[in-house]
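Reader: Please show me the model, and then let us go through its helices one at a time.

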Amino acid sequence: MPTSSASTTDSARSSAGGVQSLERAFDLLERMADAGGEVGLSELSASSGLPLPTIHRLMRTLVACGYVRQQANRRYALGPRLIRLGESASRLLGTWARPHLARLVEETGETANMALLDGDEVVYVAQVPSKHSMRMFTEVGRRVLPHSTGVGKALLAGVPDDEVRALLSRTGMPAATEKTITTPDGFLAALEEVRRLGYALDDSEQEIGVRCLAVGVPGSPSAAAISISGPAGRVTEAATEQIVPVLQQVALDLSRTLASSGA
């Protein structure tokens, strides 16, 4: 039996509505992550511009699927089911990044890392160690606060200052070493330097005697940075001038790899 034009139109609207709902649901999840993982409906409505009934309907669906949970205080938090998706995605990103990190090690001689911004923390998702007997090692999966790391600075350099301040107020700025930046103004000044220079430096701010150089991965589907780390005696100012262009080129090549993989 032929399909009427009215039925066809209704079907098209339903399909379009379904896609729109999916886009809105993912947008809400990302806004929750940007807010630290827990928000109220009114906050989501204010930031997204969506009416409260629409947000409430989407959140009910996300709660039913396990991607969001409702807290006792009636606020909504990211749900545990997202952990499995995030871990799988991180492993894939690490797999795609590893050949590029290996190239970094070959050209610089130092340990190469890839890290992501996950909520308010930096998580290391891939590493290729240096061939030197004295080398740096960061366990894949390790989480650190961004204010004391080169990758943290590289990741936050593209974030508006007010959002950086909000993140720092949530995490605090504990000193890992005597050289750690422990004030928001000091950290924002460091981010301005990252933007000016095109790379981030951690000079014994996470661990005494260790220097780290980092750059962001442009166009990454999730905020990502790559870095090299090594003893301060090897990662000198002279070495930095040679290493930074290599880091920047590898970041561009990795960006192209992620784009071609559909990540």
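Author: Contact here means heavy atoms within 4.5 Å, and helices (H or I, at least four residues) and strands (E, at least two) are DSSP runs numbered from the N terminus. The model is predicted: local features need pLDDT of at least 70, side-chain atom pairs count only at pLDDT 80 or more, and totals for chains, interfaces and linings use all residues. Residues are numbered from 1 along each chain as its sequence is written, and side-chain values use heavy atoms, with hydrogens and water left out.

Reader: Which residues in helix 3 do Leu 41, Ser 42, Leu 44, Ser 45 and Ser 48 in helix 2 meet?

Author: Helix 2 covers residues 41-48 and helix 3 residues 52-65. The contact residues of the two divide into 5 nonpolar, 4 polar and no charged (Ala, Val, Leu, Ile, Met, Phe, Trp, Tyr, Cys and Pro count as nonpolar, Asp, Glu, Lys and Arg as charged, and the others, Gly among them, as polar). On the helix 3 side, the residues met are Leu 52, Ile 55, His 56 and Met 59.

Reader: At roughly what angle do the axes of helix 2 and helix 3 cross?

Author: Axes are lines fitted to C-alpha atoms, for helices over the stretch in contact, and angles run from 0 to 180 degrees between N-to-C directions. The two axes come within 9 Å and cross at roughly 115 degrees.

Reader: Why are the buried residues of helix 2 on the same side?

Author: Buried means under 20% relative accessible area, exposed over 50%, and partly exposed in between (1.4 Å probe, protein chains only). The buried residues of helix 2 are Leu 41, Leu 44, Ser 45 and Ser 48. They share a side because they cover an arc, taken from the directions from the helix axis to the C-beta atoms, of only 100 degrees.

Reader: Which exposed residues does the face of helix 2 turned away from its buried side carry?

Author: Just after helix 2, Gly 49 takes a positive phi of about 80 degrees. Within helix 2, the face turned away from the buried side carries Ser 42 and Ala 46.

Reader: Against which helices do the buried residues of helix 6 pack?

Author: Helix 6 spans residues 161-171, and its buried residues are Val 164, Leu 167 and Leu 168. These fall within an arc of 95 degrees seen down the axis, so they line one face of the helix. On the other side, Asp 162 and Ser 169 are exposed. The buried residues pack against helix 5 (150-156) and helix 7 (184-197).
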